[in-house]
Amino acid sequence: MIVDPVSLETVWRWIEENAPRLDVEEVSLAAAQGRVPASALAAGADVPATSCAIEDGYAVRAEETIGAAPYNPLSFLVTEAGHGPLPRGTVARIAAGQPLPAEADAVLASEFVDPEADDRISVLAPLAEGDGVAMAASELRAGAPLWVEGRRQPLRPAEIGL
C-alpha cells in the first residue's frame with residue numbers, strides 16, 4: 001500500500017482534532033520535567049534583579065579609570081561594597097554575584113590592580129561601563145514569555161529552573 005506524504009502541520013492538526021485531551025493536573029516543580037505545560041507562563045521577575053558582579057574584584061566608576069595603564073597607574077582608596085553610593089576616587093571590594101554599589105558601573109578584576117597598601121590599590125587598565133557586570137534584566141525581563149500556550153515539547157531542566 002502506498003500512502004501520499006502529508007505535512008507535519010497536517011498530522012498535528014489531525015492529532016489535535018481526534019485525540020482526547022488529557023486532564024490538567026498540578027504537580028510540583030520537581031515532578032514537572034518531561035511534562036507538557038497546560039498553559040503559557042511569563043517570567044515573574046527580572047533576572048538578575050539588579051546589576052551585579054560577574055567576577056570577584058573591585059566595583060568602580062568606569063569613567064574614573066580612563067587613562068589607567070601599567071605606565072600610568074591610577075590610585076584608588078579601597079572600601080567595602082555596601083548599599084550606599086560609591087564615593088569618587090574609591091573602589092569597593094566585591095564578590096561575584098554581589099549587587100553593585102550605587103553609582104558603580106563596572107567591575108575591575110583583581111589581576112588589573114597592584115596593591116599599594118592595605119587600603120589603596122593602583123588600577124592598571126581602563127574599563128568601559130558594563131565590564132565585569134551582569135546588568136539588571138540582561139538575562140530575562142519580567143513578563144517575558146517562558147513558554148507559550150499550546151507548547152507540545154516536554155519541559156526540560158533549564159526551563160523548570162527559570
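## Aromatic rings

A search of the whole structure, which is a predicted model, finds zero aromatic pairs. A ring does nevertheless take part in one contact described here, since Arg-152 lies over the face of Trp-12, at 4.2 Å from the ring centre.

## Confidence of the prediction

The chain has a mean pLDDT of 90, and 99% of its residues reach 70 or more. Among the elements of the chain, the lowest mean pLDDT, 81, belongs to strand 7 (residues 113-117), whereas the highest, 96, belongs to strand 9 (residues 133-134).

## The open sheet

Six strands make up an open sheet, in which the order is 6-3-5-4-8-7 and the pairing is mixed. Its edges are formed by strand 6 (106-109) and strand 7, each of which pairs on one side only. From one strand to the next, the twist averages 40°.

Strand 4 (residues 74-80) can be followed to its partners on either side in the order of the sheet. With strand 5, strand 4 pairs in the parallel sense over four bridges, and here Val-78 stands opposite Val-91 in strand 5. With strand 8 (residues 120-123), strand 4 pairs in the antiparallel sense, again over four bridges. Two residue pairs can be named between strand 4 and strand 8: Leu-77 stands opposite Arg-120, while Leu-74 has Val-123 as its bridge partner.

## The edge at strand 7

Strand 7, the element with the lowest mean pLDDT, pairs with strand 8 in the antiparallel sense over four bridges. A hairpin joins strand 7 to strand 8, and the connection runs through two residues. In this pairing, Val-113 has Val-123 in strand 8 as its bridge partner, and Val-123 is also the bridge partner of Leu-74.

## Two loops with backbone features

The loop between strand 1 (41-42) and strand 2 (52-53) contains Pro-48. A cis peptide bond joins Val-47 to Pro-48, with an omega of about -10°.

Another backbone feature is found at Glu-103, whose place is in the loop between strand 5 (90-94) and strand 6. Glu-103 is not a glycine, and yet Glu-103 has a positive phi of about 80°.

## The largest pocket

How much space lies in the largest pocket? The volume is about 1,100 Å³, and the pocket is lined by 32 residues. Those that lie nearest the centre of the pocket are Val-36, Pro-37, Ala-38, Ser-39 and Arg-151.

Three elements, namely helix 1 (8-18), strand 10 (145-147) and helix 2 (157-161), each supply at least two residues of the lining. Of these, helix 1 provides the largest share, which amounts to three residues.

Conventions:
Residues are numbered from 1 along each chain as its sequence is written. This is a predicted model: local features need pLDDT of at least 70, side-chain atom pairs count only at pLDDT 80 or more; totals for chains, interfaces and linings use all residues. Side-chain values use heavy atoms; hydrogens and water are left out. pLDDT is the predictor's confidence in each residue, from 0 to 100. Rings of Phe, Tyr and Trp (its six-membered ring) pair if their centres lie within 6.5 Å; planes under 30 degrees apart count as stacked, over 60 as edge-to-face and the rest as tilted. A charge sits over a ring if NZ of Lys or CZ of Arg is within 6 Å of the ring centre and within 35 degrees of the ring normal. Two strands pair if DSSP finds at least two bridges between them. Axes are lines fitted to C-alpha atoms, for helices over the stretch in contact, and angles run from 0 to 180 degrees between N-to-C directions. On a 1 Å grid over the protein atoms alone, a cavity is a set of points where a 1.4 Å probe fits but cannot get out, and a pocket is an open set with protein on both sides within 12 Å along at least five of seven lines; lining residues have an atom within 4 Å of a point. Grid points are joined across faces, edges and corners, and a volume is the space filled by probe spheres set on the points.
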